[in-house]
Amino acid sequence: SLFLRRKSNKTAPHGYKLYPVVGTLPDFILNRHRFYDWNTETLARCPTNTSVFRRPGKVHGVITANPQIVEHMLKTNFDNYPKGARFISLLQDFLGAGIFNADAELWIMQRKTASYEFNTKSLRNFAMDNVAAELHNRLIPMLKTAAENNRTLDLQDVLERFAFDNVCKLAFNADPACLGGDATAGGEFMRAFETAANLSSGRFLYAVPRSYLIKKFLNLGSEKKLREAIATVHEFADQIIRSRIAKITENKILEEDLLSRFIGKSENISAEFLRDIVISFILAGRDTTSSALSWLFWLLSSRRDIEVEILKELETIRRQSGKSIGDGYSYDELRRMHYLQAAISEAMRLYPPVPIDTRNCKNDDVLPDGTLIGKDWFISYSAYAMGRMESIWGKDCLEFRPQRWMENGVCKQESQFKYPVFHGGPRMCLGKDLAYIQMKAIAASVLERFEMEVLLEKGSCPQYLLSLTLRIKGGLHVRVKDRV
Ligand code: HEM
């Protein structure tokens, strides 16, 4: 590994500029606010869309937008690229040993149970019912009221509340009622959850890695806030889990949610571990679908021609099943919305909800393009950069064009490694199908009824926030108009 360090110590000719001692740090600080675009520009210049990255404190790594390298790290050489101790330690306080923050046996055990359950019809039905209820009882009435009163609202915030309510139902059959209600215990839970997620992930962006430990030790600033937020999240979750365990012990009836399914699979699982499991699922399903939909609604606001195509598809499906606007769609009808599926996939190509994802290199390795990577280096693939690579998508890679997904009227599957928006290989997203069901149900029900006028200067493009997910900075403010 000494050899590796010396060999790649030179300034990379195309990639990130490496300064003596401080490595990539000066450019990293200058570009931190536009991190993903900086990655995209840099990687596009590199012959194999891959570059070495260095920060002080012995943080060395590789950032890539190359499908072959993504396949190598996520699948072919999976065992050499775990999440690793550094990643796990930063998120440990919040996520414990939940599926999102575990490697090896701890991960395998959760993955096994979860992937079995995610493939059951009963979980799918449970998820469908939850989405339909939230749409019918909360989202549609709320948008209707906004339209009647000519009020504007932050659609991203609304979609985040929807997704949070929804994933809490799925995870532990709790309804925090964040959409609609506000000053509730559920609202407090959601805010604390968000704070904990943002501050935990913020630990990755410290200019000097591990300096958060001093703040944590002294219980100062963001670390103090993080500790308090985590305590609130844990308290809320613990209460639900304890009462569920008591209920199951008493009457042996299991509910449909993930919590009951995990308890049903292994009886001697600790309450603390159950909490970790539940929190990881909430994190995974919380901001991802709302991020995708927010960018979709923004893209559609400037491409009415594409919106018209979606509306035509919905009308055809309604006509085939003899339905009217507002009736809601069955699983089978949602599956037939190929053009809508293509539009959502295309929105996520340009704005992937998880823009960059990182693994740790266990042992020295040579990547498929010949790049040497040393033990304990990080390796990140940027789904954001990959969606914008001409080498992958061609000359029109920056254009929003759902049609590129369509083949004989069907939305085609793209390779996981060219389009790693849901990750790939053995750790591929478990919620992909559920996410599409949810996103299509929301988009269809909202678009067929309402027209969204985005309140943003014409021609200007929303900025993104740096958090675990790609969110619109300042939200997505819209004026809602009734179509019917
Ligand atoms: C548009 C929506 C979504 C996108 C783009 C997405 C994307 C991803 C990505 C990139 C990962 C890999 C993260 C990592 O390991 O670092 C992941 C993992 C995961 N996702 Fe999703 N996700 C979405 C929705 C959901 C939903 C709704 C759920 C379920 C409630 C879910 C459950 C999971 C789980 C459990 C994992 C961890 C899998 C493992 O480590 O084995 N996701 N997702």
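## Helix H14: what is covered

A residue counts as buried here if 20 or more other C-beta atoms lie within 10 Å of its own. In this predicted model, that puts Thr288, Thr289, Ser290, Ser291, Ala292, Leu293, Ser294, Trp295, Leu296, Phe297, Trp298 and Leu300 of H14 in the buried class. In other words, 12 of the 14 residues of H14 are buried, and the helix is mostly covered.

The length of H14 checks out too. Its 14 residues should span 20 Å at 1.5 Å a residue, and because the end C-alpha atoms sit 20 Å apart, the two agree.

## H8 and H13, one at a time

Next, helix H8, which takes in residues 155-172. At 1.5 Å a residue its 18 residues should cover 26 Å, and the end C-alpha atoms are indeed 26 Å apart. Of those 18 residues, 17 are buried, so H8 is largely enclosed by the rest of the structure.

Helix H13 runs over residues 271-286. The same sort of check gives an expected span of 22 Å for its 16 residues, in agreement with the 22 Å between its end C-alpha atoms. With 13 of the 16 buried, H13 is also largely enclosed by the rest of the structure.

## How H8 and H13 pack

Two packed helices are described by the angle between their axes and the distance between the axes. For H8 and H13, the axes come within 9 Å and cross at roughly 145 degrees. The crossing is right-handed.

Which residues do the touching? On the H8 side they are Ala163, Phe164, Val167, Cys168, Leu170, Ala171 and Phe172, and they meet Val278, Phe281, Ile282, Gly285 and Arg286 of H13. Sorted by type, this contact has 10 nonpolar residues, 1 polar and 1 charged.

## Around the ligand

The ligand is surrounded by 23 residues, and the closest are Ala284, Gly285, Thr288, Cys429 and Gly431. Gly285 also takes part in the H8 contact from the H13 side, while Thr288 is one of the buried residues of H14.

Which helices help build the shell? H8, H13, H14 (288-301) and H20 (432-449) each supply at least two residues. By type, the shell divides into 15 nonpolar, 5 polar and 3 charged residues.

## Two positive phi values

Most residues other than glycine have a negative phi. Asn173 goes the other way, with a positive phi of about 50 degrees although it is not a glycine. Asn173 comes just after H8, in the loop between H8 and helix H9 (185-202). It has 17 C-beta neighbours inside 10 Å, so Asn173 counts as partly exposed.

His423 is another one to look at, with a positive phi near 70 degrees. You'll find His423 in the loop between strand S9 (410-411) and H20. It is partly exposed, because 18 other C-beta atoms lie within 10 Å.

## A long-range pair: Leu340 and Ala444

Leu340 belongs to helix H17, residues 338-350. It has 25 other C-beta atoms within 10 Å, so Leu340 is buried.

How far apart are Leu340 and Ala444 in sequence and in space? They are separated by 104 residues along the chain, yet C-alpha to C-alpha they are 8.0 Å apart. Leaving out residues up to four places away in sequence, Leu340 touches Ile310, Glu313, Lys440, Ala443 and Ala444.

Conventions: Residues are numbered from 1 along each chain as its sequence is written. This is a predicted model: local features need pLDDT of at least 70, side-chain atom pairs count only at pLDDT 80 or more; totals for chains, interfaces and linings use all residues. Helices (H or I, at least four residues) and strands (E, at least two) are DSSP runs, numbered from the N terminus. The expected span of a helix is 1.5 Å times one less than its number of residues. Axes are lines fitted to C-alpha atoms, for helices over the stretch in contact, and angles run from 0 to 180 degrees between N-to-C directions. A crossing is left-handed if the near helix is turned anticlockwise from the far one by less than a right angle, and right-handed if clockwise. Two residues are in contact if their C-beta atoms, placed from the backbone, lie within 7 Å. Ala, Val, Leu, Ile, Met, Phe, Trp, Tyr, Cys and Pro count as nonpolar, Asp, Glu, Lys and Arg as charged, and the others, Gly among them, as polar. A residue is near a molecule or strand if its C-beta atom, placed from the backbone, lies within 6 Å of it.
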